[in-house]
Structure formats: structure tokens, C-alpha cells
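I opened this notebook to record what I looked up, step by step. The entries move from the whole chain to its interior.

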Amino acid sequence: MYELFGMEIMAYAHIKETENCYVKTDDFRLRRPDITIEVPPKVKVGNPFKVKLSFKNPLPKSLTKCSYLIEGNGLENKANSASDVQAKSEWSIMEELVAETDGEIQINCSFDCEELRDIIGMVSVKAE
């Protein structure tokens with residue numbers, strides 16, 4: 001599923017008794033899920049803090065060849081592989097991060113797999 005993945009479905013019906021024809025179309029766009037990132041309201045510079053990342057797989061099939069990346073201003077980036085995410089199930093993981101600078105830190109996370117690309121989430125936290 002790629003950016004702006006849209007579909008149009010068309011149904012056609014012919015009624016023999018009346019010789020009437022009906023056509024109905026419907027357009028829709030599929031949307032990727034968002035990653036939820038849970039962080040403490042405030043963190044201390046130099047002290048480790050935990051973040052929880054999660055999202056629900058909307059597909060009726062498993063997500064394979066998974067990996068994720070966590071990055072942000074004032075953070076060391078983390079890139080890791082992840083286990084497969086079963087169909088219609090939730091993926092979640094806890095990671096430990098360390099704020100290297102004070103101020104507002106925006107944490108960005110992206111999750112990639114063979115079936116869905118660029119599942120993303122972001123959150124801000126204040127570092128003191």
C-alpha cells in the first residue's frame with residue numbers, strides 16, 4: 001500500500017424482467033495506521049526514560065520483514081528490526097531513550113515492513 005492508494009469499485013446490474021440497468025460506483029482511499037508514542041510528561045537530561053510505541057495492524061495478513069526507527073532532536077537515533085505483526089493484532093514495544101539536550105524534544109518514529117511502508121508517529125516531550 002503506497003501513498004494516496006485509492007480504489008474505485010463499480011457494480012453493474014441488469015434486471016431481465018424490466019430490462020433496466022443499474023450502475024453504482026464508490027471511491028475510497030486506504031490509510032495507514034498511526035504509531036502511538038507514550039512518553040513521560042517531563043524527562044531529565046542524561047537520565048534514561050522509557051517510551052512505548054504501538055499501532056494496530058489493519059490488514060488481514062501478517063506484516064513481515066519489519067523494522068523501526070526512533071529519532072529526534074537531542075536524542076540518539078535507534079534503528080532495530082522487529083518481529084512479524086500478526087493480522088489484525090497490535091504491535092508494541094518499549095524502548096529506553098536518553099535526552100542529550102534540554103528543551104522541547106520531538107520524538108519521531110517510523111515503522112516499515114514488506115506490506116506497509118512509512119507508518120509514522122510523533123510526540124513532544126520537555127527535557128530539563
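The entries below concern a predicted model.

**Entry 1, secondary structure.** I began with the secondary structure of the protein chain and found 10 strands and 0 helices. Read along the sequence, I noted the pattern β-β-β-β-β-β-β-β-β-β.

**Entry 2, overall dimensions.** I next looked up the extent of the C-alpha trace, which spans about 80 × 30 × 20 Å along its principal axes. I recorded a radius of gyration of 21 Å for the protein chain, whereas a compact globule of 128 residues would have one near 14 Å.

**Entry 3, contacts and surface.** I then turned to contacts with a separation of 6 or more, and 59% of these join residues 24 or more positions apart. Of the 128 residues, I found 28% to be buried. I noted an accessible surface of about 8,400 Å², with 50% of it belonging to carbon and sulfur atoms.

**Entry 4, charge.** I looked up the charged side chains and found 22 negative and 16 positive ones. The centres of these two sets lie 3 Å apart.

**Entry 5, the core.** Which residues touch the most other members of the largest nonpolar core? In this core of 26 residues, I listed Ile35, Phe49, Leu53, Leu63, Trp91, Ile107 and Phe111. I also noted that β5 (48-56), β6 (66-72), β8 (90-98), β9 (103-112) and β10 (119-127) each supply at least two residues of the core.

**Entry 6, Trp91.** I followed Trp91 further, leaving aside residues up to four places away in sequence, and found that Trp91 touches Leu53, Ser54, Phe55, Tyr68, Ala82, Val85 and Phe111. Leu53 and Phe111 also appear in my list from the core.

Notes: Residues numbered from 1 in each chain as written. Predicted model: local features only at pLDDT ≥ 70, side-chain atom pairs only at ≥ 80, totals over all residues. Heavy atoms only, no water. Helix = DSSP H or I, 4+ residues; strand = E, 2+ residues; numbered from the N terminus. Rg over C-alpha atoms; globule rule 2.2 N^0.38 Å. Buried < 20%, exposed > 50% of the residue type's maximum accessible area, 1.4 Å probe, protein only. Contact = heavy atoms within 4.5 Å. Areas by Shrake-Rupley, 256 points an atom, 1.4 Å probe, with all protein chains shown as cover. Lys, Arg positive; Asp, Glu negative; His and termini not counted. Charge placed at Lys NZ, Arg CZ, Asp CG, Glu CD. Core = buried A, V, L, I, M, F, W, Y, C linked by side-chain atoms within 4.5 Å.
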